[in-house]
Amino acid sequence: MNVLVSVKRVPLTGGKIVLTDDERAISTRHLGFTVSPHEECGVEEAVRLIEQHGGSSTVLTLGPPEAEEQLRDMMALGIDRAVHLVTDASNEWDPQATANAIVEAIRAEPDPYDLLLFGNESADAGNYQVAIRVAHKLGLPVVTGVKAITVESDQSVRLEQEVPGGRDVYVVPMPAVATVKEGLNLPRYPSVPGRLRAKRKPVASSTPARPQPQLEMVRLVLPPGAGKETEVLGNGADAAPAVVKVLDELGLL
Amino acid sequence: MTGAGNNQRVVVIGAGIVGNSLAYHLTRLGVSDITMIDKGPLPNPGGSTGHASNFIFPVDHSKEMTLLTLESMRQYKDLGVFIESGGIEIARTDERMQELTRRVVSAKSWGIEPVELLTPEQVKDKVPFIDETLILGGFYTPGAGVVDSLRAGTIMRERAIEAGLKVSANTEVLGIDVEHGRATRVKTTKGDFDADIIVIACGAWSPRIARMAGASIPLTPMVHQMIDIGPVPRFANTTGMIEYPIVRDVDTNMYERQEGTGLEIGSYAHRPITLEADDIPSIEESALTPTELPFTQHDFDPQMEIALDLMPEIVGDETVGVKYAINGVLSVTYDGMPLLGETPETRGLWSAAAIWIKEGPGAGKTVAELIVDGESEIDVFESNIARAYSCQKTRTHIVSRASEGFNKMYGIVHPGEQWESDRRVRLSPFHEREKQLEAVFIEGAGWERPNWYGSNAGLLDEYGDRVTKREAEWESRWWSPIINAEHLAMRDRAAMIDLSAFAIFDVVGPGALQTVQNVAMRQMNVPVGRVVYTPLLTPSGGFKQDLTIMRMADDVFRFVTGGAYGMSDKKWVADHLPEDGSAQIHDQTNAFTTLGLWGPRARDILESVTSADVSHTALPFARWKQIEIGPVQTLASRISYVGDLGWELYVPFEQGARLWDIVAEAGAPHGIIPAGIGVYGTTGRLEKCYRAYGAELEGEYNVVEAGMAWGKVKDEDFIGREAHLRHRDEEPAAIMCTLTVDDHTSSSGVKRYMLGHEPILTRSGEPITDRKGRRSYVTSAGSGPSLGKYILMGYLPPEHAEVGNQLSIEYMGERYPVTVATNDSTPVFDPENARVRS
């Protein structure tokens, strides 16, 4: 089978978020980059599915030239190849444009995908739209908030969606789209050989034209008073009763 | 700095390994009013201590670094946080195998034993997961190990708190008040802290904090990449933190070490990555801590390949994951040495910076002693922050040199190794002339100094077999037989030597005499016109420096000292100026240049260019005189560091070139040659057994041991007098001796020439230790061309310090026979000193 996972390069933030001067982005002067925890699970799932069922896995991103770092990171975990839709770093793409570019790229691929995995939402913009738009454009079924994936046959896949109080279970024909959530699996760490192999894996790059955005982010606002509050409960054994009390309040006892 | 005593209010900025150990040692020395502040939380405030790899290899070619490391290991062991795992430095090349024999030599010289050279199979035996086919051997230090530096800091801090230390965490420094040149107050987010002494122990942040007080801590933050991989199946049943020796893959600038069930891989191989102290992110903004920056994978890719090849079983295991990867920030200086002591710019503002884990507690103890006692048990003259010249404190210089040094962290560094970056900063007025004469330059104190002159190559034919050639590449590096030919020409005729690198400063004012008497061991109440060669002593009677002082006037004394520690000397003297301002110090280093003129024809030459009487009667030894040389007012000082008749000629800097031309022209008929520092610093000096500060003379040895306790002790008080009198009464534990090499022939038939710091052994190869526990080692080594012998100096215990005593030197894995030639200050060449007094 062929599995596609889409990821997005996002800053790996510390405790305090600092905005750029124009307040339209997070300042990344001191930050590294990553993909969202949801996407990490999608990648892990894709690798596992291919390990079980054979076939090929592909990671796709739409992002600046530097996003190749994330593609290599994902290939270090076992993804076979990458598709990079290279954008100009200074412009964010809205969900519609992103979805359209991804659809074009999927259509241009030589082999069709059986399963297209997305993170439930991106770690930065959080529009929750791209996967659904892609599915719609391609005329494929889509299940969101997926916490378990089981390939049942060549034709169908079982997708379990987390809902309050339980799970909705869908069996959908492939090709299908799923947006996955953290907790789907426990992603692996890359091995050193995996890292080194990733350097040599193929990345197909293209540069789609950025359409006029339909949705434009004007500026970011930091929530006031978003600092962490720390209370020292005590030192050593003396702190034990206070710790027990807190755990009790949290309903963990 | 005279010790400030323990009745001081001290603020220590920084709660890493350095700040904690410093605070602890201050309390141990009786200081009770100490406050430690850090902008981060405890126990890990987010500096370099928190992410350090924490391993310690004790053997270093630098004696000072080794002593700091050994003291630190002793403290870590006392604190119960040291795990002895052993460590192996592996060799991939023949050149490295030779270097490993040098490591053995340093281990023996500094008394670190046992150590052992291993075959690849023996390495495999100790590190079964290594591919031994890639290596030629290893240098094994069983005493190497790993420490818990955060725990060590915590224990020391807790002990200090019991003794009264106040700690303020999460407290950021906003500014430092300076009043009348003295730092008085630290302003923080939690209020002001008044202080008599403020110590900056903030690692990579130190330059930024120092700037707040108008001072410079010349280091740069740099990135060191490291990753942790695991879990390693082979380590699954590990009970301790480390059970296999640490491997330093020095030829690739990498290390690998077990850490519990994981393996840590670190590198100094990647491109040098520097940043500004101001660019280190805040604690809040950091994803991990401020000194654990985002990992840049592409910089590390080649290192992963290397580690995979070396330890395929572990690194090649697909189930072993990369769990942690950082660009760790650490502190690197322009010359690779720490920055300890009071800053020369701001009184009361101290630096305890550019310290790594392996030196931390030793440096903390040392700085505490310097604050309280004015001197430290370990003499840290190479780490004295006052050593830097202004050009060495520029960002350009620091970044250039730190970047150049970064990839040499594990390099094979020659004793004469030269920096390549940011050269040609300090040029003497003779420089253009020297270039025309094909001078080969080496750097000293930032100056370009001719080591020898290509134009003198013709002397090699003149002197033929009297000039030794060196066959081995190692000893030929940064060296030329032309040096020895220049030496012989100086002894036969005359030589002119560029001495622009001297540091020169005047002590001036009604209180000058008393100031100079206080710092100088010898009698300084001498007539104007006298030149006095004198040690400066520490309170305990060790060497602070040896230098010359000219009495210029009743109330003016001119100090002339070597370039290397000139600024440290200036600070030492400045620190002892009277409080009432009755004496002042003026730096004249860049006002005067100095040309040395020495040799049997020197007087003929000088007489031909001056109308002044420069006869022996009119200008005897150890006198100076103002004379005219053509249009140039010249101070001629009749002394010599090369043991021949002649003068140091001091002229205003801008007139130096004219002086050079006059002397060169007048000297031509007499066969004068330009000679380099190879003659001045080594061959000429060693034939006369003149001691050099930093080699023979340092805080660990006293005047009696150095064989310089001639004459009576002056009645006036001076720093170290009491101790010096005591030293005169006791049997010296060691005596400075000069030795000559009996046979240079190695087992391969190639003649080898030791370069210094080799252990002096008995003929049968046993190390020699004096009753104070100090090993005998070669302090200086070099040719004695007039003598026709190779000369070594070194301290020997009295039972070995007998003229004619036969000993041996270990060098490059072999032993060479040597014989003691003198056991006092009598020179091996011209023992009556007839030449200098002719």
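I began with the secondary structure of chain A, and I counted six helices and eleven strands there. I note that the model is a predicted one.

Next I looked up the extent of chain A. Along the principal axes, its C-alpha atoms fill a box of roughly 65 × 45 × 40 Å.

I then checked burial. Chain A has 253 residues, and 37% of them are buried.

I also sorted the contacts within chain A. I took those between residues at least 6 apart in sequence, and found that 70% of them join residues at least 24 apart.

I turned to the place where chains A and B touch. How many residues does each chain bring to the contact? I found 20 residues from chain A and 22 residues from chain B. On the side of chain A, I see that helix H5, residues 192-200, gives the most, with six residues. By type, I list eight nonpolar, seven polar and five charged residues on that side of chain A.

Last, I looked for nonpolar cores. I found that the largest has 257 residues. The residues with the most contacts inside this core include B:Ile13, B:Ile198, B:Val199, B:Ile200 and B:Leu597.

I followed B:Ile13 further. Which residues is B:Ile13 in contact with, leaving aside neighbours within four places in sequence? I noted B:Ile198, B:Val199, B:Ile200, B:Ala201 and B:Cys202 among them. The contacts of B:Ile13 also include B:Ile37, B:Val173, B:Val186 and B:Ile209.

Apart from the largest core, I recorded another core of 52 residues. A:Val10, A:Tyr113, A:Val143 and A:Val177 are among its residues.

Note on methods: Residues numbered from 1 in each chain as written. Chains lettered and ligands numbered in written order. Predicted model: local features only at pLDDT ≥ 70, side-chain atom pairs only at ≥ 80, totals over all residues. Contact = placed C-beta atoms within 7 Å. Helix = DSSP H or I, 4+ residues; strand = E, 2+ residues; numbered from the N terminus. Nonpolar A, V, L, I, M, F, W, Y, C, P; charged D, E, K, R; others polar. Buried ≥ 20, exposed ≤ 12 C-beta atoms within 10 Å, placed from the backbone. Core = buried A, V, L, I, M, F, W, Y, C linked by C-beta atoms within 7 Å.
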